[in-house]
Each structure stands twice: as structure tokens, then as C-alpha cells.
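Open the model in your viewer and keep the selection box ready. Each stop below tells you what to pick and what you will find there.

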Amino acid sequence: MQRIGVTGHRSIPEEAHAHVLAGMRAALCGFDGSLEALSSLAVGADQLFADLALACGAELTVVIPSGDYEACFADGPELARYRSLKGRAAREIRLDFPHSTDEAYYAAGAYIADHCDRLLAVWDGRPARGFGGTGDIVTYARTLGRPVTVIWRDGVERT
């Protein structure tokens, strides 16, 4: 079974959205054989990836960073989407952090990088804005020698 993980920004500018979806679709939907998709289901890239992976027939493994992770979702629709995707997962990995901290997010990203064969990074190429952000996980995955596919539309700035 091939395992593809994701790391990415929570906010994807509208002008990059179609490009990001096309890049994910190319990586997930034309795949020969069985596929496991690993995601923490954060708003943004993680949820887009999980939804598309399921639509393409992949098994979803969710990596939950902390015991209070659900409290991180800003509103009802965000939480409902998280719960819906989590409910469709084949496997759930729950890390031992009681609270959602930068360390918990880094550990979840590192877990995904450690357990995938390839990492998709919805990343603008800039340094992480906080410990455990996309740039940190890309750097970690590359130190492991993990193949990283960056998906981002050139010229688009994240706000």
C-alpha cells in the first residue's frame, strides 16, 4: 500500500485554490493500487486533501494532535466538516498531548512525515509562522529523505 501524507496552510487564497485542488487530484486520483492518505484534518489543505483522497478511493488515516483538538475549530461548520471526515476514516491515531499546542501540531506533522512514502505540501515556500507550521514539517520530511511534492501557484501570496 502506498501512503501519502499532507501538510499545508490553513488559509489558501482563492487564486491558488483551483491549482491546489488540481495538484492534489493528480497525486491522489490517478494512482494504481491501494492508497492510504494521512491527514490531521485541520481547516484548509488538510481537509481538502482528506476529502479528495476519500473521493478517489483512498483509505484515510487521521492523526489527532491532542485531546482538545476539536476546540481549535472556529465555528460550527468547520467542526462539522472535521467530524464528518473523521467519521469516514479507516484509522485514527491520537497523540498523547492533552492540549493543542505548537508542539502537538509539530508532533502530528512529524508523525505523518514518519509514516508516509511521500508528502504533499500545500506550501508557499516561506518559513513557518509558528513552530510546527508547514515549513517546519517540509524541512523535517526532507531531513528524513522523504519525497516532498510542493503544490502552490507561483506568484500567489498568502495573507
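Which helix gives the most to the lining of the largest pocket? It is α4, with 5 residues. One caution before going on: this is a predicted model.

**Stop 1: the largest pocket**

Select G8, R10, G132, G133 and T134. These residues lie nearest the centre of the largest pocket. The full lining has 31 residues. The space inside is about 510 Å³. A general idea helps here: rolling a probe the size of a water molecule over the atoms shows where empty space is left.

Now colour three elements: β1 (2–8), α4 (102–115) and α5 (134–143). Each of them supplies at least two residues of the pocket lining.

What classes of residue make up the lining? Colour by class and look: 13 are nonpolar, 12 are polar and 6 are charged.

**Stop 2: the largest nonpolar core**

Move on to the inside of the protein. In soluble globular proteins, nonpolar side chains tend to be buried together. Select M24, F49 and L60. Within the largest nonpolar core, which has 34 residues, these three touch the most other members. Many elements feed this core: β1, α1 (14–28), β2 (35–39), α2 (45–55), β3 (59–66), α3 (76–87) and β5 (118–122) each supply at least two residues. The top contributor is α2, with 7 residues.

Zoom in on M24. Which residues does M24 touch, leaving out those up to four places away in sequence? They are A45, L48, F49, L52, L120, V122 and I151.

Apart from the largest core lies another core, of 14 residues. Select W123, I137, A141 and V148, which are among its members.

**Stop 3: the aromatic cluster**

Select Y69, F73, Y82 and Y105. Together they form one aromatic cluster. Across the model, the count comes to 6 aromatic pairs.

Start with Y69 and Y82. The ring centres of Y69 and Y82 are 5.6 Å apart and the planes stand at 80°, so this pair is edge-to-face. Where do the two rings sit? Y69 is in the loop between β3 and α3, while Y82 is in helix α3, so the pair ties together parts that are 13 residues apart in sequence. Both Y69 and Y82 are buried.

Next, swap Y82 for Y105. Y69 and Y105 also form an edge-to-face aromatic pair, with 6.4 Å from centre to centre and 65° between the planes. This pair links distant parts of the chain: Y69 is in the loop between β3 and α3, Y105 is in helix α4, and they are 36 residues apart.

Are Y69 and Y105 buried or exposed? Y69 has a relative accessibility of 2%, so it counts as buried. Y105 has 22%, so it counts as partly exposed. The cut-off for buried is under 20%.

**Stop 4: D68, beside Y69**

Select D68. This residue is in the loop between β3 and α3. D68 is partly exposed because its relative accessible area is 27%. Show its contacts: beyond residues up to four places away in sequence, D68 touches P98, H99 and S100. Then draw a distance from D68 to I12. Their C-alpha atoms are separated by 25 Å, and the two residues are 56 apart along the chain.

**Stop 5: Q47 in helix α2**

Select Q47, which lies in helix α2. Q47 is buried, with a relative accessible area of 3%. Which residues does Q47 touch, again not counting those up to four places away in sequence? The list is L41, A42, F73, E78, R81, Y82 and L85. Two of these names, F73 and Y82, belong to the aromatic cluster. Now draw a distance from Q47 to R81. The C-alpha atoms are separated by 8.1 Å, although the residues are 34 apart along the chain.

**Stop 6: L41, a contact of Q47**

Select L41, in the loop between β2 and α2. Check the backbone angle: L41 has a positive phi of about 65° although it is not a glycine. L41 is also buried, with a relative accessible area of 0%.

**Last stop: T61**

Select T61, in strand β3. T61 is buried, at a relative accessible area of 2%. Setting aside residues up to four places away in sequence, T61 touches E36, A37, L38, S39, R91 and I93.

Methods:
Residues are numbered from 1 along each chain as its sequence is written. This is a predicted model: local features need pLDDT of at least 70, side-chain atom pairs count only at pLDDT 80 or more; totals for chains, interfaces and linings use all residues. Side-chain values use heavy atoms; hydrogens and water are left out. On a 1 Å grid over the protein atoms alone, a cavity is a set of points where a 1.4 Å probe fits but cannot get out, and a pocket is an open set with protein on both sides within 12 Å along at least five of seven lines; lining residues have an atom within 4 Å of a point. Grid points are joined across faces, edges and corners, and a volume is the space filled by probe spheres set on the points. Helices (H or I, at least four residues) and strands (E, at least two) are DSSP runs, numbered from the N terminus. Ala, Val, Leu, Ile, Met, Phe, Trp, Tyr, Cys and Pro count as nonpolar, Asp, Glu, Lys and Arg as charged, and the others, Gly among them, as polar. A nonpolar core is a set of buried Ala, Val, Leu, Ile, Met, Phe, Trp, Tyr and Cys residues joined through side-chain atoms within 4.5 Å. Buried means under 20% relative accessible area, exposed over 50%, partly exposed in between (1.4 Å probe, protein chains only). Contact means heavy atoms within 4.5 Å. Rings of Phe, Tyr and Trp (its six-membered ring) pair if their centres lie within 6.5 Å; planes under 30 degrees apart count as stacked, over 60 as edge-to-face and the rest as tilted.
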